[in-house]
Amino acid sequence: MLLHVGGMRSALGLLAVRRACCLARTTHNSPQTLEYKPIKKVMVANRGEIAIRVFRACTELGIRTVAVYSEQDTGQMHRQKADEAYLIGKGLPPVAAYLDIPDIIKVAKENDVDAIHPGYGFLSERSDFAQACVDAGVRFIGPSPDVVRKMGDKVEARSIAIRAGVPVVPGTDGPITCLSEAQEFSNTYGFPIIFKAAYGGGGRGMRVVKEYEARSRGLHLIGFVLCVQVGYENAGTVEFLVDKHGRHYFIEVNSRLQVEHTVTEQVTDVDLVHAQLRVCEGRSLPELGLKQDKIRINGFAIQCRVTTEDPARGFQPDTGRLEVFRSGEGMGIRLDSASAFQGAVISPHYDSLLVKVIASGKDLPAAAAKMNRALAEFRVRGVKTNIPFLQNVLSNDQFLYGTVDTQFIDENQELFNLKPVQNRAQKLLHYLGHVMVNGPTTPIPVKAKPSSIDPVIPPVPLGEPPVGFRDVLLREGPEGFAKAVRAHKGLLLMDTTFRDAHQSLLATRVRTHDLKQIAPFVAHNFNNLFSVENWGGATFDVAMRFLCECPWKRLQELRALLPNVPFQMLLRGANAVGYTNYPDNAVFKFCEVAKENGMDIFRVFDSLNYLPNLMLGMEAAGTAGGVVEASISYTGDVSDPMRQKYSLEYYLKLADELVRAGTHILNVKDMAGLLKPESSRMLIGALRDRFPDMPIHVHTHDTAGAGVAAMLACAEAGADIVDVAVDSMAGMTSQPSMGAIVACTKGTNLSTGISLENVYDYSEYWEVARGLYAPFDCTATMKSGNADVYENEIPGGQYTNLHFQAHSMGLGHKFKEVKKSYTEANKLLGDLIKVTPSSKIVGDLAQFMVQNSLTRAEVEERADELSFPLSVVEFLQGHIGIPHGGFPEPFRSKVLKNMPRVEGRPGASLPAMDFQALEKQLRETHGNDITPEDVMSAAMYPKVFQEFKEFTHQFGPVDCLNTRLFLDGPKIAEEFEVELERGKTLHIKALALGDLNKAGQREVFFELNGALRSVLVKDTVAMKEMHFHPKALKDVRGQVGVKQGQTVEKGQPLCVLSAMKMETVVNSPLSGTVVKIYVNADSSLEGDDLILEITE
């Protein structure tokens, strides 16, 4: 008899269940009476890995092989590994097919099969199957039917062990049939106890309250005694519990080849399947050279079963297509695989095993190290696997020291702290395939393609960049920095190219990829800039919402590349970087995290110049340790005596409050470019006279074309800093030209000290880079600036957004009317200061008026029945603060009717945000790799962050793609490289786009690092069902668009419509009953689409 406890230490002192593998030819069949009958053809009545294992052994011995397979297994590897393969169980359920004894015997007889190997599982421990083989004259490779029956009955097997004198765990003599019998047993023997099904299989058939502590030692003699007692032939497994005192207790016998037989084979160098086949042929163990005294254990072996099970979900099996399969190999590694190959479909019907990995080494740590290395080499994509859990086990000291017991997993819950699988390359292929099939993932406002030309990065010298103003800030702190700025000779510039310039010209769509490429050049050649504006405002949510990248990562990466120039961000006062109110602690926390990630200067503004909101933002930025640049948002014209709502005196009083509150720098924020040279001299001159020691910073836009003249006038009047954009990103709705300001001040006392040659190189980069964003370029719909901005006062960034919104709503041909309506809407709302979000409110109302062909007088007259945009309603409720001069009446009362109103600062009444609870929720949803920055993103934009995480989970780090690939995808046969991180570059070639399949998918083929890869992508257009939406009849008031049969009142909100960033509340135009609803929450509507019908 051959018996081995695979690679176990004799010194184990804790509980463990041990299996002793044995191969026996007992004395009732002595070698002298055996007849040798060679086997010529073997059928394996099984599937997957064990079938392939047996086929390989048969092939080595020159035996022909036969596979059987169910209808669901036509693509499985085991049927291809056999010489012949036959369908069984036609029409039966998947598992039942492999249990169809008559069909299996029929196939065996029809195809001259000599012997059947049952493998493990399925029929392997069914005595009736063994008997059916014998009755059919086919050899059963295993014990006799009688032995299979005795060993399969756990109660009888236990009785046999007792008769043989084998110690057993105390237990009942027969199966218990009621609760009282179980109670009587536990009262006698106490706890712990184990419940086990009489015909149960493995540990899953056991229910343990508590278990004995045990070790494995000297069990071969016991196994031999047991085998003799029952007349055992062939291979089997005897299971014991052995306690720490060396006492062993019989559990059961598995009368078949065990799943873990490979461990025994590795440490004994005995091929158990070879031996099984030879024994079945009539060979004795001595003839095979298998005597117990000659069996030697050589080192240690570990088997890991790699399965498609998700440890994070209680090892729930996962199914799907193996998009990638690459195994770990090398010295000391053996692989016994099932159907693990690229393109294989993992069925939900059978065992989840992909491959058994067996590692061998001189000792347990050596074997574990090889196993860990092999598992790390595996790449399995398309389904979840248990590899991360196995790696945690192999790194556990308790496991490596061999001191595990059966409570090991329960007592080491850290094993479930699973390291996420990155899967970056395959996810990127999914993204590229998605774009190739369905087009860009970000909304494209105009039909233009990104340029195929990549910008050339100007040369950058080696070494550290020269000292800049940030070195002053780090050394002197905010107060010392402000003094240095005021004492500086010459005009300082802030470069808006990294933020406001592209927000104004390119809809905020410039990606971190293109900013990073030019950042080192800026660090080395523009070190005397006051700052680079690169963050905050709309860039924060757009990064996640449309560019699918993390805004915090942008800040971190740019900080590393541009360490010497201060960074500046736009903070919307109490609204932080959002469009709504946040609890005070959220604003403070945001500024703290921003400062930690490299932000230096916080330009704090409020869209209404509402001091309570401004003060909160200033305090939050100052508490975080940042430079506070409080902003006066400018509108009107201080040089026009006829416009006195926003007079020079108004601005001076506001400045007094901001300086008194402790701002380090005073900013004039001219969002629409309304400052003319004369008004510039008046305003800046007055501020300089009143605050001689305060640095003054002026921001404007060049919409009318007078930006350069206005900024030069500001500088001459005493401004220390003005905002500019590099030439190719300047003008129109952006900032004035950097090159023009540099050239105009050169050789004067206002000289910027910036080289024009460097400006030219910088501009050339952005001129080409801008072509990559052609689908978003404002020049697609706007060919020049326009002096009518002095009338409509539309902020530069909004000017571009209004173009895109107008086009998306079918109002592109009416943009002139939109601009005129903007002026009227502003008057309706009381002549507001217009900057985000107040500018958006005016814009929403203007588009509403154009869309519904309403004049200002008609809006005022019908204010009680119109369904105004949500932003307008919330403004009138007081959600963004109180405007200068108060709310417009009676317009406000007519719109709001009985709606609630917010008194005072909107955020003051909000409860503090619980960041710990938010982080816990995010970790539960997205895993443990949540950062403090993620928490802040979720705090600012919960829905946008959720969608961003879902996107990155599906498509990976798309920020590493160049911009053309991100927007337009690759062309067929195009080759390109993607750098995932330093030293890790993917070489990709787009090969082909497949035809549409029945599931509405197309297979997209790539070559990745020389290997063929493919992904299945849903064709969203092809899958879209034809749908004709009913149109509203303009002369029927009851057709505007809650539950069917519900009674509604006039003015009652019915639903919210969303287009781009604009949301409109649809109110009922009359009281009545909802007759029919034509939409749901996910409906995509066009103009004049009917929403619902109401009858009076």
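**Exercise 1. How are α20 and α21 oriented to each other: roughly parallel or roughly perpendicular?**

Solution. The structure is a predicted model, and each exercise reads its geometry step by step.

Step 1. Two packed helices are described by the angle between their axes and the distance between the axes.

Step 2. For α20 and helix α21 (residues 551–561), the axes cross at roughly 110° and come within 8 Å.

Step 3. Angles from 65 to 115 degrees count as roughly perpendicular. Therefore α20 and α21 are roughly perpendicular to each other.

Step 4. The residues that meet can now be named. From α20, Thr539, Phe540, Ala543 and Met544 take part, and they meet Pro551, Trp552 and Arg554 of α21.

**Exercise 2. Describe the surroundings of Thr539.**

Solution.

Step 1. Locate the residue: Thr539 belongs to helix α20, which covers residues 538–545.

Step 2. Judge its exposure. A residue is buried when its relative accessible area is under 20%. Thr539 has a value of 4%, so Thr539 is buried.

Step 3. Follow the side chain. The side chain of Thr539 reaches the backbone oxygen of Gly536 at a distance of 2.5 Å.

Step 4. List the contacts, leaving out residues up to four places away in sequence: Thr539 touches Arg499, His502, Thr508 and Arg554. Of these, Arg554 is also one of the α21 residues that meet α20.

**Exercise 3. Determine how helices α19 and α28 are arranged, and name the residues that meet.**

Solution.

Step 1. Helix α19 spans residues 512–525 and helix α28 spans residues 756–771; their axes lie 11 Å apart at an angle of about 180°.

Step 2. An angle over 145 degrees counts as roughly antiparallel. Therefore α19 and α28 are roughly antiparallel to each other.

Step 3. On the α19 side, the residues in contact are Asp514, Leu515, Gln517, Ile518, Phe521, Val522 and Asn525, and on the α28 side they are Asn758, Asp761, Tyr762, Tyr765 and Trp766.

Step 4. A general rule helps in reading such lists: an α-helix has 3.6 residues a turn, so residues three or four places apart point the same way.

**Exercise 4. Relate the annotated residue Lys669 to Ser631.**

Solution.

Step 1. Begin with the record. An unreviewed UniProt entry lists Lys669 under "modified residue: N6-carboxylysine".

Step 2. Place both residues. Lys669 is in strand β26 (residues 665–669), and Ser631 is in strand β25 (residues 627–633).

Step 3. Assess their exposure. Lys669 has a relative accessible area of 4% and is therefore buried. Ser631, at 0% relative accessibility, also counts as buried.

Step 4. Compare the neighbours, leaving out residues up to four places away in sequence. Lys669 touches Leu570, Phe605, Ser631, Ile632, Ser633, Tyr634, His699 and Val835. Ser631 touches Arg603, Val604, Phe605, Asn609, Leu614, Leu658, Asn667 and Lys669. Lys669 and Ser631 thus appear in each other's lists.

Step 5. Add the polar contact: the side chains of Ser631 and Asn667 are joined at 2.7 Å.

Step 6. Finally, consider a pair in the chain: Ser631 and Ser607 are 24 residues apart in sequence, and their C-alpha atoms are separated by 10.0 Å.

**Exercise 5. Identify the cis peptide bonds at Pro837 and Pro890, and place these prolines in the chain.**

Solution.

Step 1. Thr836 and Pro837 are joined by a cis peptide bond with omega of about 5°. Pro837 lies in the loop between α31 (815–828) and α32 (838–851).

Step 2. The bond from Glu889 to Pro890 is likewise cis, with omega near 5°. Pro890 is in the loop between α34 and α35 (891–896).

Step 3. The loop between α31 and α32 also holds Asp831. Asp831 is not a glycine, yet has a positive phi of about 60°.

**Exercise 6. How many residues of helix α34 are buried, and what follows the helix?**

Solution.

Step 1. Helix α34 (residues 870–877) has six buried residues out of eight, and is mostly covered.

Step 2. The buried residues are Ser871, Val872, Val873, Phe875, Leu876 and Gln877.

Step 3. Directly after α34 comes Gly878, with a positive phi of about 100°.

Technical notes. Residues numbered from 1 in each chain as written. Predicted model: local features only at pLDDT ≥ 70, side-chain atom pairs only at ≥ 80, totals over all residues. Heavy atoms only, no water. UniProt positions renumbered as here; feature names shortened; annotations may be inferred. Helix = DSSP H or I, 4+ residues; strand = E, 2+ residues; numbered from the N terminus. Buried < 20%, exposed > 50% of the residue type's maximum accessible area, 1.4 Å probe, protein only. Contact = heavy atoms within 4.5 Å. Polar contact = N/O pair within 3.5 Å; in protein donor to acceptor, adjacent residues only side chain to side chain. Axes fitted to C-alpha atoms, helices over the stretch in contact; angles between N-to-C directions. Parallel < 35°, antiparallel > 145°, perpendicular 65-115°, else oblique.
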